[in-house]
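I opened this notebook to keep track of what I looked up, beginning with the chain as a whole and then turning to single residues.

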Amino acid sequence: MKQRISIPLIICGLAMWPACTNDKENPDGGRQREYSEEYYAGGVNGTVFVTTSFAYKQPMPAIDDDPALYRQFMRGERIADKSFVATEGMGYSGLGPAYIRKSCIACHPSYGGRGQRVNSYNSNDSRNSYLLMIYNPNDPALPLASGYFTGMTQTRAVTPFKAPINEDGITIDWLSYVDEHGNKYADGTPYSAGTPYEGTLIYPQISIAQGAILFPDFDMSRHKASIEATIGIYGTGLLDAISDDDLRAEYQHQQTRGYCPGGIGADIDETGKNPYYPGLHPGRFTYLCTRATLDNGPGANAIWNITNVVTDLPERTGRSELYITREYARLMSLDPDVQAIYPGLQPQEIEDSLMSKKQRPEMSADDYEAFMVWHRALAVPAARNLDDPTVQRGKTLFYDVGCTACHRPSWTTRDNYKPMPALSNQKIYPYTDLLRHNLDMLEPGRVKVCRTTPLWGRGLMKIVSGHTDKLHDLRARNFEEAIIWHGGEAKEAKEKFRRLSKEDREALIRFLEAI
């Protein structure tokens with residue numbers, strides 16, 4: 001995103017000039033690199049050299065080069081930033097009837113900085129980017145309570161509708177945990193030494209009061225609640241540009257190597273939802289790899305199921321209905337306050353109206369296309385300080401310890417990425433295999449197996465977001481704790497990290513902060 005720079009900042013801008021001019025044009029129109037390959041985490045066309053609090057909000061260089069795409073990007077950014085409203089006829093209308101958040105930015109502060117760990121569940125708190133899931137813990141598949149609640153549970157509603165769960169009845173308790181090593185490294189140093197939370201580990205426990213549940217016949221005592229923080233969205237266009245064949249090849253490689261065999265997402269039929277690549281694709285997005293492509297993934301899905309805004313592209317998105325359950329529609333049809341806004345209709349007619357798959361469109365096709373350009377084209381911050389000797393030492397240790405078994409350093413995007421050709425043939429460094437692994441984490445909620453989190457740009461979280469909370473539920477307060485919480489398939493790598501000297505542990509973390 002381009003920023004308007006005031007006069008007092010001109011000198012600062014000139015001082016930063018060498019760091020921002022990260023590439024130059026070749027005579028044939030292509031870009032040439034001025035730094036070593038690994039600095040370009042998002043490839044030459046998808047990387048920006050910005051290290052400020054706006055680092056996750058920048059358009060890719062390919063967008064800056066195309067005036068039409070740039071206008072779409074900025075239009076999409078406005079859609080992501082604005083709060084939707086329920087009032088018909090106003091700009092950004094279409095919120096509800098039930099919803100999770102009013103805007104994209106409410107879940108994705110700074111577009112990738114993520115919210116931070118909180119002690120209470122208030123979706124109006126700008127720090128809180130948690131999503132709530134209700135599931136059955138007695139079934140090994142941990143199915144969601146989808147007969148009553150939407151997959152991502154709604155906790156807000158527009159008047160006169162009622163929220164499926166009253167947030168006042170949601171409790172987040174942060175419990176202490178001591179591991180088998182007494183929360184110490186092999187050399188006796190406590191975890192997170194020198195911090196206010198030295199030698200401690202914490203994890204969340206979520207409870208919901210029965211009285212907070214809208215549905216009178218839903219038994220919360222037979223279910224559990226899980227919180228999952230939103231995932232950073234910069235660079236998702238590049239992850240989408242990795243071919244299915246390459247992803248399947250990585251999966252096959254891991255099955256035959258004898259250790260850390262990641263699980264690939266189930267095939268998802270994108271016919272009618274992805275105009276570029278219809279058909280079956282393996283899941284690669286979300287913690288559980290339940291979304292296969294960007295056109296049926298984080299952005300396209302979230303604009304609907306977070307705000308409940310219906311798009312004007314049913315033939316493409318397949319989302320022409322409201323994001324509610326039949327049980328919610330039935331209960332609302334019996335509510336006198338709701339009946340009052342449907343004069344002359346019987347309860348069954350109100351229920352059928354709410355469940356109709358032909359709802360009035362609330363987002364235009366042009367707005368949706370602009371939103372997807374923005375989502376696809378958020379740039380990845382360049383790596384930093386890779387030539388520093390300590391960072392180089394940390395890189396060597398990152399490989400030696402075994403982190404790359406799951407955090408695959410690099411990929412090359414497909415030859416012809418149809419949604420945005422400029423993202424084709426880019427060598428990128430996301431440090432993820434896009435597969436799910438069992439980390440055998442204490443009380444992980446629904447995320448017993450988790451997609452390997454991309455590490456690119458994570459070292460800028462303190463600057464962008466003001467905190468360093470990590471992992472799916474933000475239990476880890478820094479990189480160090482994130483590593484310590486690894487178990488299961490990653491336990492051997494974690495134990496090797498524990499046995500490193502203090503200097504080597506710090507070097508490895510310096511590398512993580514640099515990429």
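I note at the outset that this is a predicted model, and my starting entry is that 54% of the 515 residues of the chain count as buried.

**Overall build.** I looked up the secondary structure and found 18 helices and 16 strands in the chain. The radius of gyration is 23 Å, close to the 24 Å that the globule rule gives for 515 residues, so the chain is as compact as a globular protein of that length. Along the principal axes, the C-alpha atoms fill a box of roughly 75 × 60 × 55 Å. I then turned to the contacts between residues at least 6 apart in sequence, of which 68% join residues at least 24 apart.

**Surface and charge.** The chain exposes about 21,900 Å², with carbon and sulfur atoms supplying 51% of that area. I recorded 57 positive and 64 negative side chains, and the centres of the two sets lie 2 Å apart.

**Leucine 455.** I located this residue in the loop between strand S16 (449-451) and helix H15 (461-465). Is leucine 455 buried or exposed? Its relative accessible area is 12%, and because buried means under 20%, leucine 455 counts as buried. Leaving aside neighbours within four places in sequence, I found leucine 455 in contact with Phe398, His407, Pro430, Tyr431, Leu512 and Ile515. I also checked glutamate 513, which is 58 residues away along the chain, and its C-alpha atom is separated from that of leucine 455 by 9.1 Å.

**Asparagine 45.** This residue sits in the loop between strand S2 (31-33) and strand S3 (47-48), and at 17% relative accessibility asparagine 45 counts as buried. What does the side chain of asparagine 45 reach? I found that it reaches the backbone oxygen of alanine 422, at 2.9 Å.

**Cis peptide bonds.** I entered a cis bond joining glycine 96 and proline 97, with omega about 20°; proline 97 is in the loop between helix H4 (67-81) and strand S4 (98-99). I also entered the cis bond from threonine 159 to proline 160, where omega is near 15°, and proline 160 is in the loop between strand S6 (156-157) and strand S7 (170-177).

**Positive phi outside glycine.** Serine 192, in the loop between S7 and strand S8 (201-208), has a phi of about 55° although it is not a glycine, and it counts as buried at 1% relative accessibility. Leucine 471, in the loop between H15 and helix H16 (479-484), has a positive phi near 75° and counts as buried at 16% relative accessibility.

Terms used: Residues numbered from 1 in each chain as written. Predicted model: local features only at pLDDT ≥ 70, side-chain atom pairs only at ≥ 80, totals over all residues. Heavy atoms only, no water. Helix = DSSP H or I, 4+ residues; strand = E, 2+ residues; numbered from the N terminus. Rg over C-alpha atoms; globule rule 2.2 N^0.38 Å. Buried < 20%, exposed > 50% of the residue type's maximum accessible area, 1.4 Å probe, protein only. Contact = heavy atoms within 4.5 Å. Areas by Shrake-Rupley, 256 points an atom, 1.4 Å probe, with all protein chains shown as cover. Lys, Arg positive; Asp, Glu negative; His and termini not counted. Charge placed at Lys NZ, Arg CZ, Asp CG, Glu CD. Polar contact = N/O pair within 3.5 Å; in protein donor to acceptor, adjacent residues only side chain to side chain.
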